[in-house]
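This report takes up a few local features of one chain and then its metal site, strands and helices. Please keep the sequence and the structure in view while reading.

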Amino acid sequence: MRPGIDVECREVGLRDGLQIQKVFFPTQDKIRWLTLEAAAGMPEIEVCSFVPPKLLPQFADNKEVVAAALKIDGLCVAALSPNMRGAQDAFQAGIHKLNYVTSVSESHNMSNVRRTVDESVADFERIVALRDSTPGAKDIRLCTGLATALGCTIEGNVAVSAVLKLAERFVEAGADELSVADTVGYANPQQVKAMFEAVIDEFGKTVPISAHFHDTRGLGLANTFAALEAGCRRFDASLAGLGGCPFAPNATGNIVMEDLVFLLEGAGLKTGVDIDKLVEIREIVARNLPDETLYGMYARAGAPKGFVPASAAA
Ligand code: ZN
């Protein structure tokens with residue numbers, strides 16, 4: 001956790017939000033977005049994916065984007081990779097944190113990254129070994145994302161025990177952080193509270209636990225609060241709630257960063273992020289993705305009269 005803040009937010013819009021966009025988001029505007037968001041106080045930004053450009057042309061400029069992000073003082077530069085090859089490229093690019101995603105649900109993992117969960121864990125072990133043996137890479141933190149931890153479009157319910165089992169395998173393999181993800185927006189607050197209590201109880205003393213919520217069914221912020229009550233202090237979100245799912249028409253994306261910061265700051269928890277500066281950045285998204293719905297209630301309604309964010313209080 002960065003000193004002086006109570007909750008760490010991680011912007012994932014440039015990755016989770018852009019990966020489904022057919023329109024190429026210009027490199028210079030990706031850089032402008034992340035630079036302004038870092039200047040607004042965002043401590044960590046997942047800036048891209050390392051996947052073959054053939055598969056996701058949106059990230060063909062990943063090296064350039066990472067290079068620009070690395071110039072920003074104090075910003076934790078994260079990137080996603082689903083496999084060893086991508087991790088190799090990401091390490092070479094000089095990222096600070098790699099997000100490696102595996103679905104708890106076997107069938108979702110197969111359809112998403114085309115391999116079994118066992119194969120994904122084995123690949124992660126090789127990534128840890130690669131990190132440890134690559135000169136200059138030993139400080140790169142490896143975050144394992146547990147996708148579909150709160151429900152799966154193929155298998156339906158996912159058991160807490162299945163999440164704990166996979167989490168344990170990743171921690172044993174050397175994960176530096178666990179991210180529990182409601183990838184498809186199935187979760188409700190009660191379920192989230194039970195899940196995060198179990199995961200934090202089991203692994204909270206060993207590694208930081210973060211939450212990744214989608215607002216697909218409108219419960220994203222309620223789920224955030226439930227995770228907060230369970231002790232989670234790290235949250236992913238995307239500017240303007242960018243994202244969605246290519247297979248689910250009308251599905252919304254990640255929880256909205258501006259609203260997340262409003263929730264946290266209003267609850268007396270310092271994020272170090274200036275909400276109004278975040279709102280200004282939406283213009284870059286609006287201009288480049290004119291057909292995309294921009295979500296967020298704070299951006300629409302503004303601050304309540306007399307509202308003092310925790311970060312601004314003395
Ligand atoms: Zn996601």
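## Two residues with positive phi

In this predicted model, A240 is placed in the loop that runs between β8 (234-237) and α10 (257-266). Although A240 is not a glycine, its phi is positive, at about 60°. With a relative accessible area of 0%, A240 falls under the 20% limit and is therefore classed as buried.

T148, which is likewise not a glycine, has a positive phi of about 50°, and its place is in the loop between β5 and α7. The relative accessible area of T148 is 0%, so this residue is buried.

## The zinc site

Which residues coordinate the zinc ion? The ion is held by D16 through OD, and by H212 and H214 through NE2, with distances of 2.0 to 2.1 Å. Along the chain these donors follow the spacing D-x195-H-x1-H. Because D16 belongs to helix α1 (residues 13-17) while H214 sits in the loop between β7 (209-213) and α9 (220-229), the pair ties together parts of the chain that are 198 residues apart in sequence.

Are D16 and H214 buried or exposed? D16 has a relative accessible area of 6% and is buried, and H214, at 7% relative accessibility, counts as buried too.

## Strand β4 and its neighbours

Strand β4 covers residues 97-103, and 7 of its 7 residues are buried. In a regular strand, side chains alternate between the two faces of the sheet. For β4 both faces are covered, since K97, N99, V101 and S103 on one side are buried, as are L98, Y100 and T102 on the other.

On one flank of the pairing, strand β3 (residues 76-80) is joined to β4 by 3 bridges, and the two strands run parallel. From β3 the chain passes through helix α4 (residues 84-93) before it reaches β4, and this β-α-β crossover is right-handed. Within the pairing of β3 with β4, A78 stands opposite K97. Strand β4 is also joined to strand β5 (residues 141-147), here by 7 bridges and again in a parallel arrangement, with G145 of β5 as the bridge partner of V101.

## The surroundings of S103

S103 lies in strand β4, and its relative accessible area of 1% is under the 20% limit, so the residue is counted as buried. The side chain of S103 makes a polar contact of 2.7 Å with the side chain of H108.

Leaving aside residues up to four places away in sequence, S103 touches H108, N109, N112, V117, A147, T148 and L166. Two of these partners appear elsewhere in this report: T148 has the positive phi described above, and L166 is one of the buried residues of α7.

## Helices α7 and α2

How does the span of helix α7 compare with the one expected at 1.5 Å a residue? Helix α7 (residues 160-173) has 14 residues and should therefore span 20 Å, which agrees with the 20 Å that separates its end C-alpha atoms. The buried residues of this helix are V163, L164, L166, A167, F170, V171 and A173, and what covers them includes β4, α6 (117-133), β5, β6 (177-182) and α8 (189-203). After α7 comes G174, which has a positive phi near 115°.

Helix α2 (residues 27-39) has 13 residues and reaches 18 Å from its first C-alpha to its last, close to the 18 Å expected at 1.5 Å a residue. Buried in α2 are T27, D29, K30, I31, W33, L34, E37 and A38, and the elements that cover them include β1 (8-11), α1, β2 (44-49), α3 (62-70), α10 and α11 (275-288). Among these covering elements, α1 is the helix in which the zinc donor D16 lies. Helix α2 is followed by G41, whose phi is positive, near 110°.

## T293

T293 is placed in the loop between α11 and α12 (297-301). With a relative accessible area of 44%, T293 lies between the limits of 20% and 50% and is therefore partly exposed. Its C-alpha atom is separated by 26 Å from that of A69, and the two residues are 224 residues apart along the chain.

Note on methods: Residues numbered from 1 in each chain as written. Predicted model: local features only at pLDDT ≥ 70, side-chain atom pairs only at ≥ 80, totals over all residues. Heavy atoms only, no water. Buried < 20%, exposed > 50% of the residue type's maximum accessible area, 1.4 Å probe, protein only. Helix = DSSP H or I, 4+ residues; strand = E, 2+ residues; numbered from the N terminus. Pairing = 2+ DSSP bridges. Right-handed = clockwise from strand over helix to strand, strands pointing away. Polar contact = N/O pair within 3.5 Å; in protein donor to acceptor, adjacent residues only side chain to side chain. Contact = heavy atoms within 4.5 Å. Donors = N, O, S within 2.8 Å, 3.2 Å for Na, K, Ca; no water. Expected span 1.5 Å × (residues − 1).
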